[in-house]
Amino acid sequence: FFYEVCPLRAQTHNQKPPKSTAHSKIMLNFFFPPPTERTAEVIAAETVTQSFMNTACFVEMFRGTDVTRREPMEFIFYRNLLMMKNRCPQYLHYHFSEDGSKLECFFMLVPNFDAHFTLYEKVINGGIPEFILRFGFTSIARLVKCSDWMDAFEAETMVGRPRYYVLQRMIVEKSLQGKGIGSKYLNEALKKADQEQLPVFLGTHEMRNVTFYTRLGFVLKNEKTYVCADDPSYNYPTYVMIREPKAV
């Protein structure tokens with residue numbers, strides 16, 4: 001659904017989120033039991049949420065505070081990861097610490113010509129009905145609008161290039177940032193795109209990420225501002241980059 005690859009600085013908005021009662025949560029958990037095992041998908045959803053908590057697009061979608069954003073973001077990320085695991089796990093890149101207790105780095109490198117989901121899969125396996133019951137319709141409407149806008153921006157940027165990879169949701173554990181961990185794992189994964197002589201597309205919302213990915217061979221190709229019609233204070237920039245394949 002999203003292409004953002006690194007967290008933004010915190011942003012503050014005063015709009016109060018909707019509240020759900022303890023009783024409704026009990027009922028929802030009865031009909032839709034949350035995961036109980038600490039699987040890779042659960043850990044990744046929590047870690048990605050923490051990293052993207054104050055990323056502009058999620059601040060706009062899930063308006064409120066860090067606390068109120070956490071649960072819907074973890075839900076969306078977890079369901080998306082499950083869909084990818086069941087259909088094409090080879091595109092999920094988990095890198096845990098040696099003892100397996102900490103997710104050091106995670107990203108998705110997905111070919112645009114594979115991993116396509118039907119509308120049924122997106123709605124049912126993606127947990128859209130449950131999401132609406134838990135968090136309301138407004139957030140999912142914003143999510144769909146943002147996703148459609150980003151898809152159109154991607155298509156505009158990659159016109160005439162039918163086959164390419166998309167880098168999504170790259171994160172590095174905070175204590176390991178700046179130590180070359182992300183570059184190490186990503187460069188290794190990018191070898192597959194080089195072997196197939198395919199470009200790699202990514203989108204981000206912060207210029208400092210553009211600087212980081214430039215060092216890895218990505219080139220800034222386009223920039224647009226996502227306009228929030230009901231509240232311009234939520235507008236945010238989006239930068240798209242492309243890495244051309246290296247000779248092998």
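Two helix axes count as oblique when their angle is neither under 35 degrees, nor over 145, nor between 65 and 115. Keep that in mind for helix 2 and helix 4, which turn up below. What you're looking at is a predicted model, with 9 helices and 6 strands in the protein. Here's a quick tour, starting with the whole chain and then zooming in on two helix pairs and three residues.

**The big picture**

- Of the 248 residues in the protein, 49% are buried.
- If you take the contacts with a separation of 6 or more, 77% of them come from residues 24 or more positions apart.

**Helix 2 against helix 4**

- Helix 2 covers residues 40-52 and helix 4 covers residues 66-87; their axes come within 8 Å and cross at roughly 135°.
- That angle falls outside the parallel, antiparallel and perpendicular ranges, so helix 2 and helix 4 are oblique to each other.
- As for handedness, helix 2 passes helix 4 in a right-handed crossing.
- On the helix 2 side, the contact is made by Glu41, Val42, Ala44, Ala45, Glu46, Val48, Thr49, Gln50 and Phe52.
- Helix 4 answers with Arg70, Met73, Glu74, Phe77, Tyr78, Leu81, Leu82 and Lys85.
- Sort the residues of this contact by character and you get 10 nonpolar, 2 polar and 5 charged.

**Helix 4 against helix 6**

- Helix 4 also packs with helix 6, at an angle of about 175° and with the axes 11 Å apart.
- Since angles over 145 degrees count as roughly antiparallel, that is how helix 4 and helix 6 are described.
- From helix 4, Glu71, Pro72, Phe75, Ile76 and Arg79 meet Glu130, Phe131, Arg134 and Phe135 of helix 6.
- The residues of this contact split into 5 nonpolar and 4 charged, with no polar ones.

**Glu130, a charged residue tucked in helix 6**

- Glu130 sits in helix 6, which runs over residues 128-135.
- Its relative accessibility is 7%, and because anything under 20% counts as buried, Glu130 is buried.
- The Glu130 side chain makes a polar contact with the side chain of Arg79, at 2.8 Å.
- Arg79 is one of the helix 4 residues in the contact with helix 6.
- Another polar contact, also listed at 2.8 Å, links the side chain of Glu130 to that of Arg134.

**Arg87 in helix 4**

- Arg87 is another helix 4 residue to look up.
- With a relative accessible area of 37%, Arg87 is partly exposed, because it falls between the 20% and 50% cut-offs.
- Leaving aside residues up to four places away in sequence, Arg87 touches Ala115, His116, Phe117 and Glu121.
- Ala115 is 28 residues from Arg87 along the chain, yet their C-alpha atoms are separated by 6.8 Å.
- With Glu121 there's a side-chain to side-chain polar contact from Arg87, at 2.5 Å.

**Glu223 in strand 5**

- For a look at a strand, try Glu223, found in strand 5 (residues 218-226).
- Glu223 has a relative accessible area of 45%, which makes this residue partly exposed.
- Apart from residues up to four places away in sequence, Glu223 touches Phe153, Thr238 and Tyr239.
- Glu223 and Gly203 are 20 residues apart in sequence, and 9.4 Å apart from C-alpha to C-alpha.

How values were computed. Residues numbered from 1 in each chain as written. Predicted model: local features only at pLDDT ≥ 70, side-chain atom pairs only at ≥ 80, totals over all residues. Heavy atoms only, no water. Axes fitted to C-alpha atoms, helices over the stretch in contact; angles between N-to-C directions. Left-handed = near helix turned anticlockwise from the far one by under 90°. Contact = heavy atoms within 4.5 Å. Nonpolar A, V, L, I, M, F, W, Y, C, P; charged D, E, K, R; others polar. Buried < 20%, exposed > 50% of the residue type's maximum accessible area, 1.4 Å probe, protein only. Polar contact = N/O pair within 3.5 Å; in protein donor to acceptor, adjacent residues only side chain to side chain.
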